[in-house]
Amino acid sequence: MKTNQIISKRKSSSQLYIDALQENYAKVNVIRVDFGYKKPFSDDITLEDANKDLKQMLTNRRSKPSIFKHNIGYEFKRELTEAKGAHIHGFIYFNGHEVKNDIAKAKQICNYWNKEITKGKGSAYNCNLNADKYKYNGIGMLDHTDKEKRVNLDKAVEYICKDEQVVKSSDNTKTVAYTRGNMPKKKSNAGRQRN
């Protein structure tokens, strides 16, 4: 499959994924974080190390309800660049009826990455703190009626769907750069009306 086809398929999959989240939750709180590593650690961190840390964080969600309770989904893109080394861009979705403060939730996740997952080697950026600086601001609380914010979210997520760089592991095999959560099962809408 050609790169353009892969990107198009990924974007379509992401849009369907967010559609499914919005079908189940009238409000979705969108958290945007960037995970990486501090110097001098970043010089020695491999893509496999970053993948292992991300997998550990995702695996630990059940055992960390103070942080991840009401988490309904995620999308991540791993990158390996000369300037930053291995790093990860991500969108983490929460039930907006339960998680109201996006900045505080992003801060919790960033602290968890820095202190517990990477044992002090990590660095994390809370994008929700400066959401207004983004050209397409689709982060924070997304109400099912807010069509403009949803369009902005789709445009923002497009970045992590792109496959512009070849991401290879140390054994020279290509690594999947993009990952998302499982497609949610449709909830019953009995008794719930939306305007």
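Pro 40 sits in the loop between E1 and H2, and in this predicted model the peptide bond that joins Lys 39 to Pro 40 is cis, with omega at about 0 degrees. Strand E1 itself covers residues 27-37, and helix H2 takes in residues 47-59.

Two other loops hold a backbone oddity of another kind. In the loop between H3 and E2 lies His 70, whose phi is near 75 degrees, a positive value in a residue other than glycine. Its relative accessible area is 30%, so His 70 counts as partly exposed, falling between the 20% and 50% cut-offs. Lys 119 also has a positive phi, near 55 degrees, and again this is a residue other than glycine. Lys 119 belongs to the loop between H4 and strand E4, the latter made of residues 122-126. With a relative accessible area of 66%, Lys 119 is exposed, because the value is over 50%.

Turning to the inside of the protein, the largest nonpolar core has 24 residues. Phe 35, Met 57, Phe 76 and Ile 109 are the ones with the most contacts inside this core. Strands E1, E2 and E3 each give two or more residues to the core, and so do helices H2, H3 and H4. Of these, H4 (102-117) supplies the largest share, six residues. Ile 109 shows how the pieces meet: leaving out residues up to four places away in sequence, Ile 109 touches Ile 31, Phe 35, Met 57, Ile 67, Phe 68, Ile 92 and Phe 94. Apart from this core lies another one, of 19 residues, and Tyr 25, Ile 72, Leu 142 and Val 157 are among them.

Phe 35 turns up again in the surroundings of His 87, a residue of strand E3, which runs over residues 85-95. His 87 has a relative accessible area of 6% and is therefore buried, the cut-off being under 20%. Neighbours within four places in sequence aside, His 87 is in contact with Phe 35, Gly 36, Lys 77, Arg 78, Glu 79 and Thr 81. The side chain of His 87 also has a polar partner close by in sequence: one of its polar atoms lies 2.9 Å from the backbone oxygen of Gly 85.

As for open space, the largest pocket holds about 410 Å³. Its lining is made up of 18 residues, and Arg 61, Asn 71, Ile 72, Gly 73 and Asn 182 lie nearest the centre. Two elements, helix H1 (3-24) and strand E2 (71-81), give two or more residues to this lining. E2 gives the most, with four residues. Sorted by class, the lining of the largest pocket comes to eight nonpolar, six polar and four charged residues. Ile 72 thus has two roles, as a residue of the 19-residue core and as one of those nearest the centre of the largest pocket.

The second largest pocket has a volume of about 200 Å³. It is lined by 13 residues, and those closest to its centre are Arg 32, Phe 91, Tyr 134, Tyr 136 and Ala 156. Helix H5, residues 147-161, provides the largest share of this lining, four residues. Here the split by class is six nonpolar, two polar and five charged.

Closed space is also present, in the form of one cavity of 30 Å³ or more. The volume of the largest cavity is about 40 Å³, and its walls are formed by Lys 11, Ser 14, Gln 15, Asp 154, Val 157, Glu 158 and Cys 161. H1 and H5 are the elements that give two or more residues to this lining, with H5 providing the largest share, four residues. By class, the cavity is lined by two nonpolar, two polar and three charged residues. Val 157 links this cavity to the core of 19 residues, being listed both in the cavity lining and among the members of that core. H5 in turn contributes four residues to the lining of the second largest pocket and four to that of the largest cavity, while H1 gives two or more residues to the linings of the largest pocket and the largest cavity.

Methods:
Residues numbered from 1 in each chain as written. Predicted model: local features only at pLDDT ≥ 70, side-chain atom pairs only at ≥ 80, totals over all residues. Heavy atoms only, no water. Buried < 20%, exposed > 50% of the residue type's maximum accessible area, 1.4 Å probe, protein only. Polar contact = N/O pair within 3.5 Å; in protein donor to acceptor, adjacent residues only side chain to side chain. Contact = heavy atoms within 4.5 Å. 1 Å grid on protein atoms, 1.4 Å probe; cavity = no way out; pocket = protein on both sides within 12 Å on 5 of 7 lines; lining within 4 Å. Points joined across faces, edges and corners; volume = space filled by probe spheres on them. Nonpolar A, V, L, I, M, F, W, Y, C, P; charged D, E, K, R; others polar. Core = buried A, V, L, I, M, F, W, Y, C linked by side-chain atoms within 4.5 Å.
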